[in-house]
Structures are given as structure tokens and as C-alpha cells.
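This report walks through one protein chain, from a single residue to the whole fold. Please keep the sequence and the structure in view while reading.

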Amino acid sequence: MQYVAWLPVDAAAAALVDFIDSSEKVLHLRHPLPVTWPDVFNHFASVLNLPLVPYTDWVTRLEHGLVASNDVSATRGLEHGLRLLDIFRLLIDPNEPRPDFMGKLVPHMDMTHALEASATLRDNKVTEIGLEDVRRWVDYWRREGFIPPVTVA
């Protein structure tokens, strides 16, 4: 299964403080309640008012978008994605329309010791990634110019 285990920086900092007194040699830091990529992508589709497409179609659209676009602001947004295009291409599998790209890039991390060492991670102090998180990310990316602002017709 495909999971997103991004951890907010404040929770990561609190967990690191919790880790200080641990005698364990290795403690993995990730979200204790990962959510599926399809759930996160559905939130992005909702916030951005965009359809979901198979991964290979998305990569193809990204590859061709820069060449086909005459809109300077759209081109600027595509350039950010194009910087990672080689990584995106590595994950294309014609038999897998929605690849587990994080599973391929990030190894499985056993959280047993981390949960024992950190009340922050263990005691449900960190909520699952959800729609409001995605809204905040998109709002931030728009403010920073990573994605175009909303245009009202």
C-alpha cells in the first residue's frame, strides 16, 4: 500500500526532544499515522479543483506542458516539477498506474522504538494528514509562487 508519513515540523521537533533520553541507537522519525497517497491526492484534487489522472499520464503531461505552454506563469510552475522529472520517470511502471513512489524511494521504517521513546508520536498528539493540511500546503505554495494563484473568470 502507498502511504504518506510526512510529519509537521513542530511535531518532529517535539519528538526529537522526546528522543534525547532514549538509549536506543536508531529511532525513526515519521508520522505515526500514515495515510494513503490516494487519500492525499483526492484532497489535492478537491482543493485544486483538478481531476486525478494515472501517474504515467501525469508525467507525460508534465514533460509536454513546458513545450506547449505560452503562459509564462504556468511555465514557471511547470519548471519546479521538471526539476524532479528524472526521479518521476524512474518510477514509471506501465503495469502500475498509481505507483508506490515513496515506497520505492524511502525504505520501510520500523517505528517500535520511536513510539516507545516519544509520547508525542505515541499518544495521538499528531493528527492524520487531511484536507486542511493540503489546503495549508497549497495556500503556502501559491503565496511563494510555486503554483499559480487562483484566477476568477
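## Histidine 31 and its surroundings

Histidine 31 sits in the loop that runs between helix H1 (9–19) and strand S2 (35–36). The model is a predicted one. Is histidine 31 buried or exposed? Its relative accessible area is 0%, and because buried means under 20%, histidine 31 is buried. A polar atom of its side chain lies 2.9 Å from the backbone nitrogen of leucine 33. Neighbours within four places in sequence aside, histidine 31 is in contact with Ala5, Trp6, Leu7 and Pro8, and also with Val126, Thr127, Glu128 and Ile129.

## Helix H1 and the largest core

The buried residues in H1 include Ala11, Ala12, Ala15 and Phe19. Seen down the axis of H1, its buried residues fall within an arc of 100°, so they line one face of the helix. An α-helix has 3.6 residues a turn, so residues three or four places apart point the same way. The face of H1 turned away from the buried side carries Val9, Asp10 and Val17, which are exposed.

What do the buried residues of H1 pack against? They pack against H7 and H8. The largest nonpolar core has 10 residues in all: Leu7, Ala11, Ala12, Ala15, Phe19, Met111, Ala114, Ala117, Leu121 and Val126. At least two residues of this core come from H1, and at least two from helix H7 (112–117). H1 gives the largest share of the core, four residues. In soluble globular proteins, nonpolar side chains tend to be buried together. Alanine 12 is in contact with Leu7 and Leu29, leaving aside its neighbours within four places in sequence. Apart from this core lies another one, of nine residues, among them Val35, Val40, Phe44 and Val138.

## Serine 118

Serine 118 is found in the loop between H7 and H8. At a relative accessibility of 0%, serine 118 counts as buried. Its contacts, leaving aside neighbours within four places in sequence, are with Ala15, Asp18 and Phe19. Of these, Ala15 and Phe19 are among the buried residues of H1. A polar atom of the side chain of serine 118 lies 3.3 Å from the backbone nitrogen of threonine 120.

## Helix H9

Helix H9 (residues 131–143) has 13 residues. From its first C-alpha to its last, H9 reaches 18 Å, close to the 18 Å expected at 1.5 Å a residue. Which residues of H9 are buried? Asp133, Val134 and Val138 are buried in H9. They cover an arc of only 130° around the axis, which puts them on the same side of H9. Helix H2 (37–48) is part of what covers these buried residues. Val138 also belongs to the core of nine residues. The face of H9 turned away from its buried side carries the exposed residues Arg136 and Arg143.

## Residues with a positive phi

Most residues other than glycine have a negative phi. Asparagine 49 and asparagine 124 each have a positive phi without being a glycine. Glycine 145, which follows H9, also has a positive phi. The table lists the values.

| Residue | Phi | Place |
|---|---|---|
| Asparagine 49 | about 55° | loop between H2 and helix H3 (55–68) |
| Asparagine 124 | near 55° | loop between helix H8 (119–122) and H9 |
| Glycine 145 | near 85° | follows H9 |

Are the two asparagines buried or exposed? Asparagine 49 counts as exposed, at 67% relative accessibility. Asparagine 124 also counts as exposed, at 62% relative accessibility.

## The chain as a whole

The chain has nine helices and two strands. Read along the sequence, they follow the pattern β-α-β-α-α-α-α-α-α-α-α. How many of the 153 residues count as buried, as a percentage? The share is 27%. The accessible surface of the chain comes to about 10,300 Å², and 57% of this surface belongs to carbon and sulfur atoms. Among contacts between residues at least 6 apart in sequence, 72% join residues at least 24 apart. One case already described is histidine 31, which is in contact with Val126 and Ile129.

Note on methods
Residues are numbered from 1 along each chain as its sequence is written. This is a predicted model: local features need pLDDT of at least 70, side-chain atom pairs count only at pLDDT 80 or more; totals for chains, interfaces and linings use all residues. Side-chain values use heavy atoms; hydrogens and water are left out. Buried means under 20% relative accessible area, exposed over 50%, partly exposed in between (1.4 Å probe, protein chains only). A polar contact is a pair of N or O atoms within 3.5 Å; within protein, one must be able to donate a hydrogen and the other to accept it, and residues adjacent in sequence count only if both atoms are side-chain atoms. Contact means heavy atoms within 4.5 Å. The expected span of a helix is 1.5 Å times one less than its number of residues. The arc is that of the directions from the helix axis to the C-beta atoms. A nonpolar core is a set of buried Ala, Val, Leu, Ile, Met, Phe, Trp, Tyr and Cys residues joined through side-chain atoms within 4.5 Å. Accessible areas come from the Shrake-Rupley method with a 1.4 Å probe; for residues, only the protein chains shown count as cover.
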